[in-house]
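The following paragraphs lead the reader through a single structural model. It may be helpful to keep the sequence and the coordinates in view while reading.

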Amino acid sequence: MRIYTIAIIPLMISLIITLTSCNEPDSYSGISDNMKSELREWAGILARHWVLPPADSLRPEKPEDTELLSLIQSCESNPEAWAYLYSCIADTIAILEPPSPACQP
């Protein structure tokens, strides 16, 4: 019985620590406010470049490869940043005005 007590107590402590240390889903608490701002800016650039037609005045130019590599390195250092960037891109695409029916194939 003593061995069960010795084994269960550390297990219960680790379970309590794990449950109380979990962050709220989609809180992205591991990303600094500065990095969040930078990722939101990138999301706007990438989403508008991918979605808007080339003739649209709101469509930015394709980012330089060095800029994209810098973004990738920033996200690689904090994997939660990838999820935040993706979420921001999806939000940006959702609010973009769809093209007129004449532009659709």
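**From a buried threonine to the core**

T92 has a relative accessible area of 17% and is therefore buried, since that value is under the 20% limit for burial. This residue is found in helix α4. When neighbours within four places in sequence are left aside, T92 is in contact with A43, G44 and A47. The model in which these contacts occur is a predicted one.

The wider setting may be described next. The chain contains four helices and zero strands, so that, read from the N terminus, its elements run α-α-α-α. Of its 105 residues, 23% count as buried. Among contacts between residues at least 6 apart in sequence, 63% join residues at least 24 apart. The chain exposes about 8100 Å², and carbon and sulfur atoms supply 62% of that area.

In soluble globular proteins, nonpolar side chains tend to be buried together. Here, the largest nonpolar core has 15 residues, and the members that touch the most others are I31, L39, L71 and L85. Helices α2, α3 (65-77) and α4 each supply at least two residues of this core. The largest share, six residues, comes from α2.

I31 merits a closer look. Apart from neighbours within four places in sequence, I31 is in contact with K36, L39, N78, E80, A81 and Y84. One of these partners, N78, has its place in the loop between α3 and α4. N78 counts as buried because its relative accessibility is 17%, which falls under the 20% limit. Not counting residues up to four places away in sequence, N78 touches G30 and I31.

A second partner of I31, namely Y84, leads to the aromatic residues. The structure holds one aromatic pair. Its members are Y28 and Y84, arranged edge-to-face, with 5.0 Å from centre to centre and 70° between the planes. The pair links distant parts of the chain: Y28 lies in the loop between α1 (2-21) and α2 (33-51), whereas Y84 belongs to helix α4 (residues 80-95), 56 residues away. Both Y28 and Y84 are buried. The ring of Y84 has a further neighbour in K36, whose charged end sits over that ring at 5.9 Å from its centre.

The loop between α1 and α2 also contains S32. S32 is classed as partly exposed because its relative accessible area is 43%, a value between the 20% and 50% limits. S32 and A81 are 49 residues apart in sequence, and their C-alpha atoms are 9.7 Å apart in space.

Charged side chains provide the last topic. How many salt bridges does a search of the whole structure find? The search finds one. In this salt bridge the side chains of D65 and K62 meet, with 3.4 Å from N to O. Both D65 and K62 are exposed. The aromatic pair of Y28 and Y84, by contrast, is formed by residues that are both buried.

Key: Residues numbered from 1 in each chain as written. Predicted model: local features only at pLDDT ≥ 70, side-chain atom pairs only at ≥ 80, totals over all residues. Heavy atoms only, no water. Phe/Tyr/Trp six-rings, centres within 6.5 Å; stacked < 30°, edge-to-face > 60°. Buried < 20%, exposed > 50% of the residue type's maximum accessible area, 1.4 Å probe, protein only. Lys NZ or Arg CZ within 6 Å of the ring centre and 35° of its normal. Core = buried A, V, L, I, M, F, W, Y, C linked by side-chain atoms within 4.5 Å. Contact = heavy atoms within 4.5 Å. Salt bridge = Lys/Arg side-chain N within 4 Å of Asp/Glu carboxyl O. Areas by Shrake-Rupley, 256 points an atom, 1.4 Å probe, with all protein chains shown as cover.
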